[in-house]
Amino acid sequence: MGGMMAWMLLWGLIGLALLVLITVAIIWLIRHMLAGPGSRSDPAEEELRRRYAAGDIDHEEYQRRRAELRKR
């Protein structure tokens, strides 16, 4: 009977892991669907934000370059 109990415990853990995995996948899918296409940022703007945050460019330069990127 001990072997049967071990198999029951193993299948219970596999079922629980599968349930958690499905729940996480559904939450991820819903978040990406609600985010929409406009939420994905332009890599050039990301690089510009990174340079501004690092102090490589000042505020005026950041605003000017961001305006140029958004014209395209």
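Arg64 and Glu61 sit together in helix α3, 3 residues apart, which is about one turn of the helix. Helices here are DSSP runs of H or I with at least four residues, strands are runs of E with at least two, and both are numbered from the N terminus. The two side chains form a salt bridge, with the closest N and O atoms 2.7 Å apart. For the cut-off, a salt bridge needs a side-chain nitrogen of Lys or Arg within 4 Å of a carboxyl oxygen of Asp or Glu. Arg64 is partly exposed at 42% relative accessibility; the classes are buried under 20% relative accessible area, exposed over 50% and partly exposed in between, with a 1.4 Å probe and protein chains only.

A word on where this comes from: the model is predicted, so local features need pLDDT of at least 70 and side-chain atom pairs count only at pLDDT 80 or more, while totals for chains, interfaces and linings use all residues. Residues are numbered from 1 along each chain as its sequence is written, and side-chain values use heavy atoms, with hydrogens and water left out.

**Salt bridges**

Glu61 has another partner, Arg65, and their side chains meet in a salt bridge at 2.5 Å, N to O. Glu61 and Arg65 are 4 residues apart in helix α3, so about one helical turn separates them. Arg65 is partly exposed, with a relative accessible area of 30%.

How many salt bridges does the structure hold? The count is 7. One of them runs between helices: Glu45 lies in helix α2 and Arg70 in helix α3, so this pair ties together parts that are 25 residues apart in sequence. Glu45 is buried at 13% relative accessible area, whereas Arg70 is exposed at 52%. Both belong to a salt-bridge network that also takes in Glu46 and Arg49.

Here are three of the bridges with their N to O distances:

| Salt bridge | N to O distance |
|---|---|
| Glu45 – Arg70 | 3.3 Å |
| Arg64 – Glu61 | 2.7 Å |
| Glu61 – Arg65 | 2.5 Å |

**The tyrosine pair**

Helices α2 and α3 also share a ring contact. Searching the whole structure turns up 1 aromatic pair. Why is the pair of Tyr52 and Tyr62 called stacked? The ring centres are 4.6 Å apart and the planes are at 20 degrees, so the pair falls in the stacked class. The rule is that rings of Phe, Tyr and Trp (its six-membered ring) pair if their centres lie within 6.5 Å, with planes under 30 degrees apart counted as stacked, over 60 as edge-to-face and the rest as tilted. Tyr52 is in helix α2 (residues 43–54) and Tyr62 in helix α3 (residues 59–71), so the contact ties together parts that are 10 residues apart in sequence. Tyr62 is buried, at 9% relative accessible area, while Tyr52 is partly exposed at 33%.

Between α2 and α3 there is a loop, and Asp56 has its place there. Asp56 is partly exposed, with a relative accessible area of 48%.

UniProt lists residues 44–69 as "domain: SHOCT" in an unreviewed entry; UniProt positions follow the numbering used here, feature names are shortened, and annotations may be inferred rather than shown by experiment. In the model, that span is 85% helix and 0% strand, with its end C-alpha atoms 8 Å apart.

**Helix α1**

Now for the other end of the chain. The unreviewed UniProt entry also carries the annotation "transmembrane region" for residues 6–30. This span is 100% helix and 0% strand, and its end C-alpha atoms lie 36 Å apart.

Leu16 is found in helix α1 (residues 2–35). Leu16 joins Leu9, Leu13, Leu19, Val20 and Val24 in a nonpolar surface patch of about 590 Å². Patch members have over 30% relative accessible area and no salt bridge; like charges are joined within 9 Å, and nonpolar side chains (Val, Leu, Ile, Met, Phe, Trp, Tyr) within 5 Å. The areas come from the Shrake-Rupley method with a 1.4 Å probe, and for residues only the protein chains shown count as cover.

How far apart are the C-alpha atoms of Asp56 and Ile30? They are separated by 37 Å, with the two positions 26 residues apart along the chain.

**The whole chain**

Overall there are 3 helices and 0 strands, in the order α-α-α along the sequence. The radius of gyration is 24 Å, well over the 11 Å that the globule rule gives for 72 residues, so the chain is more spread out than a compact globule. That radius is taken over C-alpha atoms, and the globule rule is 2.2 Å times the number of residues to the power 0.38. Along the principal axes, the C-alpha trace spans about 75 × 25 × 15 Å.

Buried residues make up 8% of the 72 residues. The chain exposes about 6,400 Å², and carbon and sulfur atoms supply 69% of that area.
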